[in-house]
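Please open the model in your viewer and keep the sequence panel beside it, since each stop below begins with a selection. The tour starts at a single side chain and then moves outward.

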Amino acid sequence: MLPSQPLLHAAVFALTVLQALASDTFIAAVYEHAVILPDATDEPVSPDDALALMNKNMDVLEGAIKEAAQQGAHIIVTPEDGIYGWRFTRETLYPYLEDIPDPVVNWIPCTDPARYGPAPVQERLSCMARNNSIYVVANIGDKKPCNSSDPSCPSDGRYQYNTDVVFDPEGKLVARYHKYNLFRRETQFNYPKEPEAVTFETPFGKFGIFTCFDILFREPAVVLVSELQVDSMLFPTAWMNVLPFLTAVEFHSAWAMGMGVNLLSANTHNVSLAMTGDGLFTPEGPAAYHYDSATEEGCLLLAELSARPRLSPTYPPAVNWSSFATSIKKFPGQKDAFSGAVRRDIFTFSELRNKAGNYTVCQGDLCCHLVYRMANKSTDEVYVLGAFDGLHGSLIKYHWQICTLLKCKSTDLNTCGQPVETAQTKFEMFSLSGTFGTNYVFPEVLYSGVQLAPGEFEVLRDGRLKSKHGTLKPLVTATLFGRLYEKDLPHPLRTSP
C-alpha cells in the first residue's frame, strides 16, 4: 500500500531534517530574478489584477525553487521586490499588500489559507516551501491598520511595510521582518517604530534576515551578527551597482568577510537600472556569485556552506584593522595628492607614478598605506591610492573610511573615481592598510570585468589586505571599506517632528 500524501510529506520532511542534522554544512541557493513589472499608473489596480501580476512572478520563482530543491538545497532566497516590482506610489501599492501575522501564531498558510483573511501570496509561498521541503525566503508587502489613538498613524489609516517572510519546509511562517532603513525612493512604505532583530533556528545554524539598504547600518546588521551571533544572513536586495565601488558582488562579498558570517544575497535583475549581482558569500570569500549586465535573464546559484562558520577550522582570525598602519612611518606620496570625486564623495588621491613603490595618502583621521609592484603596467592606464574619511549619501548620510587602490578611467587624472569595469595591468604584489577608527572593515579585490578574486588575497591579523601572489587578472580596485557607525548623522525621516 502506498503511503498517504500527508504521511509521505512528513517522511520527506523528517529525512531532510535528519540529513541536515548529520552534516556541518548545508546547501544554500539564491535566485537573481528579472522581475515582471506592473504598468506605471496613478490609479490603483484591482486586487485581481494585482494578484495576476504577482502570480506571473511567482511562476518564475516557483520554477527556481523546484530546481533548487531537486539539486538538494535546504534554503533559497529570492530578491527584494521580486514579486511585484517597484513602480508604485503609496496608493497604487496597496492592492498588492497582505496582512502578515507575527510568526508566533504557528501558521501554515498552505493548509489553513483563510485563517488571517485573504492571503493568496502567503498561501502560494507556503505551498512552494511545503511541496519542495525547502526553506523559502521572499520579499512581499505587509499592511497593518491603525487609527487616531496612534499619533504616528498615517492619514490613510494604515502602515505599509517592505517585508521579508520565511517559510520552513513544512510551509510554516517562521520569520517576518519589516525593513528599517528605507532607501530614499521607498516613499510607498513606512519604517517600523523600532528596528527589528529577527532570527530563527534551523538544523543547520542560526539565521538572521534584513533587506538591501539595511546592510549599511548598525541596526539591524551589526546587532544580528555581533550581538545575536547569527551564523548566516538572509539578504533579499534590489542593489543598483555603483562602480568603481559598491557593485553588489564586490561589497556583499566584502561584508561577509568583514563580519565573519555567511551572506545569502539574492538580487533583482534589471539591466536598464544597473541591477545585477548576487551570490553565496562566506567569511573566507565567495562560494558562488553571478554578475551579468548584458542579458535580461535570471540566474539560480547553489553552493555548500558551513552551517556554523565560527566553528570551522578555516574561520579567519580576528583582525586589528589599524595595527600595521599605525605602526609605520608615512610612505612618500602625500605631497602629490589631489582631490577626485567618486560620485559625490571627495577622495584624496595620489598617483602611482612608478611600476613599484610605497605610498601614503591621508584624509581626516585616516591614512592609507600601499606597497605594490606592477607586473605589466599598461602605458595608457593610471592607478591611484585613495583615501576617504567622511559622510556618504544624499538624504541619509552615514560615515565611511575607505582605503583603495584604484584604476582611473583614463590617463586624465580628472577621471579618477569614475566608473571602471575593465583594465589591462596586473600586479606582482600589493599590500594595502589604513589607520581605521573602527573594527568594522570590509575587504575585497575587484578584477577586470567585475570579477572577484577568491583565494588570491588574504587579510593579515595586523590589518593588511595583501595579495598571496601575482594577480591572475588585471586589477580594477583593491579596497578596504570601513564603517564608523557611531559617527552617522541622525536619520532625517525618523527624527523629524
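## First stop: Thr-425

Select Thr-425 together with Glu-381, and you will find that their side chains make a polar contact at 2.6 Å. Bear in mind from the outset that this is a predicted model, and that every distance quoted along the way is computed from it.

Add Ser-378 to the selection next, because its position completes the polar surroundings shown here: with a relative accessible area of 0%, Thr-425 is buried, and a polar atom of the Thr-425 side chain lies 3.1 Å from the backbone nitrogen of Ser-378. In the chain, Thr-425 belongs to the loop between strand S18 (398-407) and strand S19 (427-434).

Now display the residues in contact with Thr-425, leaving aside its neighbours within four places in sequence: they are Met-374, Asn-376, Lys-377, Ser-378, Glu-381, Tyr-383, Pro-474 and Leu-475.

## Second stop: Ser-410

Is Ser-410, the next residue to select, buried or partly exposed? Ser-410 has a relative accessibility of 26% and therefore counts as partly exposed. The loop between S18 and S19 holds Ser-410, and that loop is also where Thr-425 is found.

Keep Glu-381 on display, for the C-alpha atoms of Ser-410 and Glu-381 are separated by 6.3 Å, although the two residues are 29 residues apart along the chain. With neighbours within four places in sequence left aside, Ser-410 is in contact with Val-382 and Thr-415.

## Third stop: the S13-S14 hairpin

Select residues 338-342, which make up strand S13, and show the side chains: Phe-338, Gly-340 and Val-342 point to one face and are buried, whereas Ser-339 and Ala-341 point to the other face and are not buried.

Extend the selection to residues 345-351, strand S14, which pairs with S13 in the antiparallel sense over five bridges. One pair to pick out here is Phe-338 with Phe-349, its bridge partner in S14. Two residues lie between the strands of this hairpin, and Arg-343, in the turn, has a positive phi of about 55 degrees.

## Fourth stop: a six-stranded sheet

Switch to a cartoon view and follow the strands in the order S5-S4-S3-S2-S1-S12, which form an open sheet with mixed pairing. At its edges are strand S5 (173-178) and strand S12 (299-306), each of which pairs on one side only. On average, and with direction ignored, neighbouring strands of this sheet are turned by 30 degrees against each other.

Within the sheet, select residues 75-77 (strand S2) and residues 135-145 (strand S3), which pair in the parallel sense over three bridges. Ile-76 is a useful residue to label at this point, as it stands opposite Val-136 in S3.

## Last stop: the whole chain

Finally, zoom out until the whole chain is in view, with its eight helices and 24 strands. The radius of gyration is 23 Å, close to the 23 Å that the globule rule gives for 497 residues, so the chain is as compact as a globular protein of that length. Taken along the principal axes, the C-alpha atoms fill a box of roughly 75 × 55 × 40 Å.

If you colour the chain by accessibility, buried residues make up 58% of the 497 residues, while the area that the chain exposes is about 19900 Å², with carbon and sulfur atoms supplying 52% of it. Among contacts between residues at least 6 apart in sequence, 71% join residues at least 24 apart.

Conventions: Residues numbered from 1 in each chain as written. Predicted model: local features only at pLDDT ≥ 70, side-chain atom pairs only at ≥ 80, totals over all residues. Heavy atoms only, no water. Pairing = 2+ DSSP bridges. Helix = DSSP H or I, 4+ residues; strand = E, 2+ residues; numbered from the N terminus. Axes fitted to C-alpha atoms, helices over the stretch in contact; angles between N-to-C directions. Rg over C-alpha atoms; globule rule 2.2 N^0.38 Å. Buried < 20%, exposed > 50% of the residue type's maximum accessible area, 1.4 Å probe, protein only. Contact = heavy atoms within 4.5 Å. Areas by Shrake-Rupley, 256 points an atom, 1.4 Å probe, with all protein chains shown as cover. Polar contact = N/O pair within 3.5 Å; in protein donor to acceptor, adjacent residues only side chain to side chain.
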